[in-house]
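I opened my notebook to look up a few things in this structure, one entry at a time. Come and read along with me.

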2 protein chains.
Amino acid sequence: MTELDRLREPIADASPALWAALSPLGRRVAFPPDIPFQAAEARGMRYNGTIGQITDGAGRPLALPAVAEALALEQAASDRALLYSPVQGILEVRAAWRRWQRRGVDRALPSSQPLVTVGLTHGLALAADLFGGEGRAIVVPAPFWGNYRQTFGVRTGARIVTAPAYRDGTYNPLAIPEALAGEPAGAPAVAILNLPSNPGGYMPTTSERSALLTGLLAEAERRPLVVLCDDAYAGLVYEAEAPARSLFWDLIGRHPQLVPVKIDGGTKEFSFFGGRVGFLTFPFEPASKIAQALESKVKCLVRAVVGSPVATSQVLLHQALMAPDVEEQVEAVRRRLGRRYLVLREALQSVDSGLMRPLPFNAGCFALLELASGLDPEALRQRLLARHDTGVISIQPSYVRIAFCSVKADDLPELVERLARGAREGRVR
Amino acid sequence: MTELDRLREPIADASPALWAALSPLGRRVAFPPDIPFQAAEARGMRYNGTIGQITDGAGRPLALPAVAEALALEQAASDRALLYSPVQGILEVRAAWRRWQRRGVDRALPSSQPLVTVGLTHGLALAADLFGGEGRAIVVPAPFWGNYRQTFGVRTGARIVTAPAYRDGTYNPLAIPEALAGEPAGAPAVAILNLPSNPGGYMPTTSERSALLTGLLAEAERRPLVVLCDDAYAGLVYEAEAPARSLFWDLIGRHPQLVPVKIDGGTKEFSFFGGRVGFLTFPFEPASKIAQALESKVKCLVRAVVGSPVATSQVLLHQALMAPDVEEQVEAVRRRLGRRYLVLREALQSVDSGLMRPLPFNAGCFALLELASGLDPEALRQRLLARHDTGVISIQPSYVRIAFCSVKADDLPELVERLARGAREGRVR
């Protein structure tokens, strides 16, 4: 039996839908029994000449002083930051992140030991390799984060299929089922659930959430459906009407044809953008055969593309996860963004609705504005740069995104004022 | 004219061979004009609401104290370590690495501003995306680092084509031309030049180097040939007979059909394994149109797979590059490995040649041993683990690799002794 056959059985047995949804590449990858595999077997040997990393011969790095001195860490943590991480990530970091993910989650809900990725995007790219591929439908409400196009479409040949995230200025919880309506029954599909959303800055209310879940479950009747929960903005929710909990937990075990996958990380939630620590989590118990088989596949892809994830940043994130006041540290950032959110919402109320209207937002890092017809978002962006010393993101066909996460609360009213001025000038011509 | 057409012309004009060698994916990627592009345009604006990273609104991170306190860096460097890196890498790091690469190199030889990758493997994966693809011949002397198979073959569908790196226990500088002999003329091919080598630990002598260069230039007569210089072990050379300089510099501008690409990084050369900082460098001037077009393609792939490279590790590597005694710090590690090399070479001289013979080695992190016929390397590895508390890497069909970079000099004679004992026991059965 080949290594690939060994991986097929545990996956196809435990979740035929997941096996059906794997791409050709996803089917053929398996962690090879070469150097990291053999090095893992040799761990703890008195004489260990397996691994090509430079050490003192007793497991400690021969770091350059200039590098080691830049880390204010205890010896053991510093050593770990400078040596290779295991391909799946450092065990303690994975375990600590799993505890963080599962705060308040029912113990009965299964979830794997998270696999460490190079930032959240890398988790998406791994999911794209596993579940994308030529012609596969990737459904996502529009407007969406443009990089999905590169990660899924350009690289793997998958098709992005969309439906409107908003109708008449209101959030549309059925965008994914609507996008799937034109896809043939039986054909596996992938849905991206990015909540809180980018560029929308929106988290569904309790009733919208319920409609969304019902819609996804109905679609799973018609086809194997992999739901990628892109939890980039996890926790950043500013209104009590919207539960902050990840949709991932609500989707586990709800339908045999629906496989949720959680993609999250320290980037936004721990405000650690430069570190590139993300995680990929499957809805299966860590010790289960299917979790182990999927881990082998992901490890093959991680090794093939980046060798191993960043040890340095994992150790830094671990410092935060182990801080006794970690929840307060994370909450302090959320509160600060929450204040900006309130100021921005207030400032947007004064904007002439003949120029643009803010779409509902209550979460994340962004507010999305829909321009009145006749106003081109790219022309507006260029005008704001050229004449108003102001930068925003334009999204075709009719949107402008404001990242309030990187603007002072006191600056937001003036930013909105300049935006409106730029739009008025565009209207005049 | 589309963005893709804009990129075709500068590449096909300056190097028709490079354009011919691009994979279908390599041809279709171009850095999209979305968020990072628009954010770059907005840099310096008084009001900048473009980018989804959490800051104080004046460009500084809202880092968690637990993360920021783990870095012993000045304020500005610490801030930079915690925020997103540009997709192409931090400018000062790229410039400093370029100066490091070009020590002693003729000013007339062109080389691009290095693009930052997530460790050296990511540089290889980017080259695989650009130049691999279904059926493309990737030629490499055997035995080779097994991960090339995943990076080029499993992921992109390229074919690994090999020829023996050693003949009768001697280094074979013509392995790549020999491997190419069976490939049709005119069909573009990729060659991997991994010197100092893994698993061989070998750097060619002056005369072997000259034969190797002549052989590559002759092959470029027959086809577009991309030569990937995998300089993972750059600088780690222990014998004066072997020039340490990268082959990349010797290949630039030598033949219009030969395109060398340099892939290197801080991993081994700066003993910074956990940091994952690699670089990808093309043989063209930074300001040239072809360098800019290739940069756009690489940035698209970096953004699609990891978002952006690791800022934290770039800042740490930059600390080392800026240290006044950086050359001595790097040299101290090389000298320490050089002592182990001498001890290991000496210890291997006593091994019964009826059991195994060391292949020539003079560089890098490894020694490679060829087992006598009848001895299976995997069985030997298992026996060493089970009975001799010793770990080595087995490579089919007949090799064992010792990583002396992670073993104390004093331990090496005993490691060799146990290896020989294990082999004798295997022979007896």
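Which residues are exposed on the other side of helix 17 of chain A? I found A:A386 and A:R387 there.

**Ground rules.** I am working with a predicted model, in which local features need pLDDT of at least 70, side-chain atom pairs count only at pLDDT 80 or more, and totals for chains, interfaces and linings use all residues. Residues are numbered from 1 along each chain as its sequence is written, while chains are lettered from A and ligands numbered from 1 in the order in which they are written.

**Helix 17 of chain A.** I noted that helices (H or I, at least four residues) and strands (E, at least two) are DSSP runs, numbered from the N terminus. I also wrote down that a residue is buried if 20 or more other C-beta atoms lie within 10 Å of its own, exposed if 12 or fewer, and partly exposed in between, with C-beta atoms placed from the backbone. In helix 17 (residues 377-388) of chain A, I listed A:P377, A:L380, A:R381, A:L384 and A:L385 as the buried residues. They sit on the same side of the helix, because they cover an arc of only 135 degrees around its axis (the arc is that of the directions from the helix axis to the C-beta atoms). A general reminder for myself: an α-helix has 3.6 residues a turn, so residues three or four places apart point the same way. Just after this helix, I saw that A:D389 has a positive phi of about 55 degrees.

**Chain A as a whole.** I counted 18 helices and 15 strands in chain A. Its radius of gyration is 23 Å, close to the 22 Å from the globule rule for 429 residues, so chain A is as compact as a globular protein of that length. That radius is taken over C-alpha atoms, and the rule is 2.2 Å times the number of residues to the power 0.38. Buried residues make up 59% of the chain's 429 residues.

**Where the chains meet.** I found 100 residues of chain A in contact with 100 residues of chain B (contact is when two C-beta atoms, placed from the backbone, lie within 7 Å). Strand 13 (residues 390-391) of chain A runs parallel to strand 1 (residues 47-48) of chain B, joined by two bridges; two strands pair if DSSP finds at least two bridges between them. Here A:G391 has B:N48 as its bridge partner.

**A sheet in chain B.** Next I looked at an open sheet of four strands in chain B, with order 11-12-15-14 and antiparallel pairing. Strand 11 (356-358) and strand 14 (393-395) stand at the edges with a single partner strand each, so one side of each has no neighbour in the sheet.

What about strand 15 of chain B? Five of its five residues are buried, so this strand is largely enclosed by the rest of the structure. B:Y399, B:R401 and B:A403 lie on one side, and B:V400 and B:I402 on the other. Strand 15 (residues 399-403) pairs with strand 12 (residues 366-371) over five bridges, and B:L369 stands opposite B:V400. Strand 14 pairs with strand 15 over three bridges, and the two form a hairpin with three residues between them.

**One last residue.** I found B:P413 in helix 18 (residues 412-428) of chain B. It counts as partly exposed because it has 15 C-beta neighbours inside 10 Å.
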